[in-house]
Amino acid sequence: TRGTVAAFSPFDARADAEALRKAMKGMGTDEETVMKILTSRNNAQRQEIASAFKTLFGRDLVDDLKSELTGKFETLMVSLMRPAYIFDAHALKHAIKGAGTNEKVLTEILASRTPAEVRQIKQVYLQEYEANLEDKITGETSGHFQRLLVVLLQANRDPDGRVDEGLVEQDAQVLFRAGELKWGTDEEKFITILGTRSISHLRRVFDKYMTISGFQIEETIDRETSGDLEKLLLAVVKCIRSVPAYFAETLYYSMKGAGTDDDTLIRVMVSRSEIDLLDIRQELRKNFAKSLHQMIQKDTSGDYRKALLLLCGGDDV
């Protein structure tokens, strides 16, 4: 993998559990020890530590973290303790809970996860919350935005294989006629093609589309659609082109300008730390001439900053 966090060796779950208990016991908390252990073990190892913690002390590690830590640092450490699919399921649950839906979270997770990952998330959601994720999402969304989310939730994208140039040409023509050539837009064509064709096929379609129309597919989506549907279609296209580039952009905008979108920053850093954070760092450097390390340094503070920098795993000067 191209993550910044890998399995720690030599690993001793009991020793880590003891060190964490010591760091949180009595007056005051030794935050350094907590962050050093939790940011340098991979998720599977963190689960072993939690299990050893319960065995040794009869206490729940996550509950202890919640009672000993505060603020964004607490959120980050607790997020690191969630198994990957539970982490995504939890984020989706909170995105559709209560008043108002957080479309940004639905867009980010469902546009970027692989079909296999989406299937796992649905299964975990059902186990954890005894509810069907698709039903929950359709209950909180509407229109074409809802339809594309439902298509992505089916996780039935064609597997990558040999690309049929005839079908590439046909799809590119269909998209051209559904958008640029049409008064109004036939959103369904965009939803079906972008939501179901294989990644390698769609990359060829985007090239062909540019040849036929003189536009990048992103420019057409920008002109022809709006609101949540536009954001979701663009996210899908960006992830088809490059998932690390999509997340580099997501991280860049979470810290650009006044204020920081800490929820997004934490979600991306935690969910990509074992998958492709090294590639995301490279893309951020390439596309925005900024280093992720320096952006975190500038935009965050305290133990929260230290822990994020440990997850970042180095600077790209």
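Is lysine 36 buried, partly exposed or exposed? In this predicted model, lysine 36 has a relative accessibility of 48% and so counts as partly exposed, given that the exposed class begins only over 50%. The side chain of lysine 36 meets that of glutamate 32 in a salt bridge, with 3.4 Å from N to O. Glutamate 32 is also partly exposed, at a relative accessible area of 31%. Both residues belong to helix H2, which covers residues 31-40, and they sit four residues apart, about one turn of the helix.

The overall fold gives the setting for this pair. The secondary structure of the protein chain consists of 20 helices and zero strands. The radius of gyration is 21 Å, close to the 20 Å that the globule rule gives for 317 residues, so the protein chain is as compact as a globular protein of that length. Along the principal axes, the C-alpha atoms fill a box of roughly 70 × 45 × 40 Å. Of the 317 residues, 48% count as buried. The accessible surface comes to about 14900 Å², and carbon and sulfur atoms supply 48% of that surface. Among contacts with a separation of 6 or more, 72% are between residues 24 or more positions apart.

Side chains of opposite charge can pair when their charged atoms come close. The count for this model comes to 24 salt bridges. One of them joins glutamate 188 to arginine 147, with the closest N and O atoms 3.0 Å apart. This pair links distant parts of the chain, since glutamate 188 is in helix H12 (residues 187-196) and arginine 147 is in helix H10 (residues 143-154), 41 residues apart. Glutamate 188 is partly exposed at 44% relative accessibility, and arginine 147 is partly exposed with a relative accessible area of 40%.

A further salt bridge is formed by the side chains of arginine 281 and aspartate 316, at 3.0 Å from N to O. Arginine 281 lies in helix H18 (residues 277-288) and aspartate 316 in the segment after helix H20 (302-312), so the salt bridge ties together parts that are 35 residues apart in sequence. Here the partners are under cover: arginine 281 is buried, with a relative accessible area of 7%, and aspartate 316 is buried at 17%. Salt bridges can also share partners, and in this way Glu32, Lys36, Asp303 and Lys306 are joined into one network. The network therefore includes the helix H2 pair described at the start, Glu32 and Lys36.

Which side chain of opposite charge is nearest to aspartate 299? That side chain belongs to lysine 298, at a distance of 4.0 Å, yet aspartate 299 has no salt bridge although it is buried. Aspartate 299 lies in helix H19, which spans residues 292-299. What the side chain of aspartate 299 does make is a polar contact with the side chain of threonine 260, at 2.7 Å. Leaving aside neighbours within four places in sequence, aspartate 299 is in contact with Met255, Gly259 and Thr260. Threonine 260 thus appears both in that contact list and as the partner in the polar contact.

Methods
Residues are numbered from 1 along each chain as its sequence is written. This is a predicted model: local features need pLDDT of at least 70, side-chain atom pairs count only at pLDDT 80 or more; totals for chains, interfaces and linings use all residues. Side-chain values use heavy atoms; hydrogens and water are left out. Helices (H or I, at least four residues) and strands (E, at least two) are DSSP runs, numbered from the N terminus. Buried means under 20% relative accessible area, exposed over 50%, partly exposed in between (1.4 Å probe, protein chains only). Lys and Arg count as positive and Asp and Glu as negative; His and the chain ends are not counted. A polar contact is a pair of N or O atoms within 3.5 Å; within protein, one must be able to donate a hydrogen and the other to accept it, and residues adjacent in sequence count only if both atoms are side-chain atoms. Contact means heavy atoms within 4.5 Å. The radius of gyration is taken over C-alpha atoms; the globule rule is 2.2 Å times the number of residues to the power 0.38. Accessible areas come from the Shrake-Rupley method with a 1.4 Å probe; for residues, only the protein chains shown count as cover.
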